[in-house]
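Trainee: I would like a close look at a single part of this protein. Please start with one helix and work outward from there.

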Amino acid sequence: MTLRTDQYEADVIRSADGSTLRVTAPDAAQLSAFEGTVTAAGDRQQLEGPLSAANAAALREVFEVLRPRLIGESTTSVGTGDRLGLATAGQARAFREQGQGTVPVLAQQSIREMDRLSREARSVIDDATFGCVEEGWDGGYGADCDHIKTTEGIDRGLAAGFVTFTLDPGDAVVDVTAGVTAEQLEAVPWEALGDDLASVRARYVGTTLDLGERKIEITQDDIDTAVVKYGAAVAETVRLYQHLISSARHEVEVEIAVDETAWITTFVEHYVMARELERLGVEWFSFAPRYVDGFEKGLDFLGDEEELRENLSAHHAISELFGGYKISLHSGSDKFSIYPLAAEATEGLVHLKTSGTSYLCALEVIARHDAPLLARIWDISRAAYARSRASYQVSAHEDRTPESLDGVDTADLIAAPDSRQILHVGYGDSLGAADENGTPISERLHAVLEAHHAEYTEVLAAHIGRHLAPFAQPVTVA
C-alpha cells in the first residue's frame, strides 16, 4: 500500500533479501533529506533507500500522520507492542479493519524490554514509522515509553520522541500484608510528600468514598495502610513526573502504573493515591492499579469475571471523581472473554496494552517455515523460564511441557497455556542467543519474517483484530 500527501508518495517493500523504502516527489530537491539513490520515474523523482533512522526522521518530517500523537483520555485506546520491529503493518491493518473509533498506540515498549533486546528507544518509533508506511496507515498513532522507573529512562524516551510516558513506581510499594507498624508510619517520606501523619488522617478519616453502587467509610486503619503501602510510591511518581515535565521540549502525557506488584490495590488506596498525586501537581490520563487476580501473560482471564466487573466499575467510579481518566489494563493480551466487560464497566474509558502476543504470532509463522528455528527458541525459552518468569505474572510449569519438539504439533504448542507462557517470557533469552551454527536467532527470525511478511501481517491483523473489535465504535452513516 502507499502513503500519500499532495507532494509525496511512500512505500516499504519487503522481500527475502531485506526491506527497501521507496519515496517519490515532483522534484529531486524534495528528496534531499532522505538516504538512497534517486532516479527519474516518469514525471516524478523516485528514491530507493534503506529503512534507516535518517529516512524514518525524513518521513516524519514530510508526513504529519507519522509523527507520534497524544493518546488522550476521552477515547478508548489500545497499545500494541512490537518486540521485533516488524509488527506495525499487521497491527495497523487490524485497527483499520476492526478498531474503528479506538486510538492506536503502535510504538509501545517498556524500558525493560528495550534493555533485554539491546534496542534503542528511537528504533521503536522508527520501526512503527516504516510499518505505517508499509500499510498505508494515515490514522495516526501514539508512542508509549512504558514502565519507566528512572529519570534515565525518561531521558531516553524524550530523546527518541516518545510522547506518552508510563511512570512505574512499583518498586516503592510496601508490603502491608502483616499489618502496619509505627516504624513503617515513621518511614513514610513525609517531607517529600509535604505532609505529616496527623494531616493525612485529618483529610480522610471519617469521610465517605461514594462509588455509586457502594459507599466506603474511610477508617484510620485504611489511611495508615494506604500511606505506608503507597506513600513512597506517590513520592517517587512525583519525582519522575517533575523530571519529565521540566525536561520535555515537546508535548507529553503520563500514565501511572502500580499493576506489577503482588498486592491488590484497594479502592481506598486508589482514591488516596489519586488525591495525593493531584494535591502534589501531577496530571495523568490513565491509571493502572493492581486488579483482582487473574491477569497472566499470554492467556485469557483466569479469575472471577463478576468480581472483575465490580472491580473495574469501582476503579472507574474513582476516576470519575477526578474528572474521568482512563483505567489501564496491562497484561491485556488474549483476554478475549473480558473485553466486552471491560468496555462496559469503564464506559469506554479504558486503555488496553498488548505486547508479547505479536511475538507469539511471529512464532506461528516461524513454525510453518523454519521448524528447527522454533525448536531452538523453545529449548532456550524453556531452559530460561525459571529465571525469566520473575518479572511477570505467570503460572506455567516446565514439567507440563515437552522437552523436545520432535513429533509435537507446533501450532498446539504455541496455543497451549504452559508452553505459550514459556515462549512469551523467554523472548529476551531467545533473541539474544545464537542458533546451532552461530547465527544470531534474531537475525534468522527477521529473515524468515521478511520473506513471509505478508503472511505475518495477515496473522497479526486477524489476532490483534480480535482484541480491538469489542472496543470498536460502530460507524454512523449519515
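Mentor: Start with helix 13, residues 356–369 of this predicted model. Its 14 residues reach 20 Å from the first C-alpha to the last. That is close to the 20 Å expected at 1.5 Å a residue. The helix is mostly covered, with eleven of its 14 residues buried. Read them off in order: Gly356, Thr357, Ser358, Tyr359, Leu360, Cys361, Ala362 and Leu363, then Val365, Ile366 and Ala367.

Now look at a packing partner. Helix 2 spans residues 88–98. Its buried residues are Thr88, Ala89, Gly90, Gln91, Ala92, Ala94 and Phe95. These buried residues pack against helix 13. They also pack against strand 6 (77–80) and strand 7 (103–105). Helix 4 (121–135) and helix 19 (453–468) complete that set of partners.

Next, the empty space. Rolling a probe the size of a water molecule over the atoms shows where such space is left. A search of the whole structure finds three cavities of 30 Å³ or more. The largest has a volume of about 210 Å³. It is lined by 21 residues, and the closest to its centre are Gln108, Glu113, Asp146, Lys297 and Ser355. Several elements each supply at least two lining residues: strand 8 (107–110), helix 3 (111–116), strand 9 (143–148) and strand 16 (350–354). Strand 8 gives the largest share, three residues. As for chemistry, the lining of this largest cavity divides into 13 polar, seven charged and one nonpolar.

Set the second largest cavity beside it. Its volume is about 110 Å³. Of its 14 lining residues, Val227, Gly231, Val234, Val272 and Glu276 are the closest to the centre. Helix 7 (190–193), helix 9 (220–247) and helix 10 (267–279) each supply at least two residues of this lining. Here the division is nine nonpolar, one polar and four charged.

Go back to strand 9, one of the elements that line the largest cavity. Asp144 is found in this strand. Its relative accessible area is 0%, so Asp144 counts as buried, the cut-off being under 20%. Leave aside the neighbours within four places in sequence, and Asp144 still has a list of contacts. On it are Val105, Ala107, Gln108 and Gln109. Phe162, Thr164, Phe165 and Thr166 are there too, along with His351 and Lys353. One of these, Gln108, is among the residues closest to the centre of the largest cavity. For a sense of distance, take Asp144 and Leu66, 78 residues apart along the chain. Their C-alpha atoms are separated by 15 Å.

Follow the contact to Thr164. This residue is found in strand 10, residues 164–167. Thr164 is buried as well, with a relative accessible area of 0%. Its side chain makes a polar contact of 2.6 Å with the side chain of Glu253. Beyond its neighbours within four places in sequence, Thr164 is in contact with Ile71, Ala143, Asp144, Cys145, Glu253 and Phe285.

The other thread from Asp144 runs through His351 and Lys353. Both are also in contact with Ser328. Ser328 has its place in strand 15, residues 326–329. Its relative accessible area is 0%, and it is buried. A polar atom of the Ser328 side chain lies 3.3 Å from the backbone oxygen of His351. With neighbours within four places in sequence left aside, the contacts of Ser328 also include Glu255, Ser286, Phe287, Ala288 and Tyr291.

Finish with two serines in loops. Ser331 sits in the loop between strand 15 and helix 12 (339–345). Its phi is positive, about 50 degrees, although it is not a glycine. Ser331 has a relative accessible area of 16%. That value still makes it buried, because the cut-off is under 20%. Ser118 lies in the loop between helix 3 and helix 4. Its phi is near 50 degrees, again a positive value in a residue other than glycine. Ser118, however, is exposed, with a relative accessible area of 68%.

How values were computed. Residues are numbered from 1 along each chain as its sequence is written. This is a predicted model: local features need pLDDT of at least 70, side-chain atom pairs count only at pLDDT 80 or more; totals for chains, interfaces and linings use all residues. Side-chain values use heavy atoms; hydrogens and water are left out. Helices (H or I, at least four residues) and strands (E, at least two) are DSSP runs, numbered from the N terminus. Buried means under 20% relative accessible area, exposed over 50%, partly exposed in between (1.4 Å probe, protein chains only). A polar contact is a pair of N or O atoms within 3.5 Å; within protein, one must be able to donate a hydrogen and the other to accept it, and residues adjacent in sequence count only if both atoms are side-chain atoms. Contact means heavy atoms within 4.5 Å. On a 1 Å grid over the protein atoms alone, a cavity is a set of points where a 1.4 Å probe fits but cannot get out, and a pocket is an open set with protein on both sides within 12 Å along at least five of seven lines; lining residues have an atom within 4 Å of a point. Grid points are joined across faces, edges and corners, and a volume is the space filled by probe spheres set on the points. Ala, Val, Leu, Ile, Met, Phe, Trp, Tyr, Cys and Pro count as nonpolar, Asp, Glu, Lys and Arg as charged, and the others, Gly among them, as polar. The expected span of a helix is 1.5 Å times one less than its number of residues.
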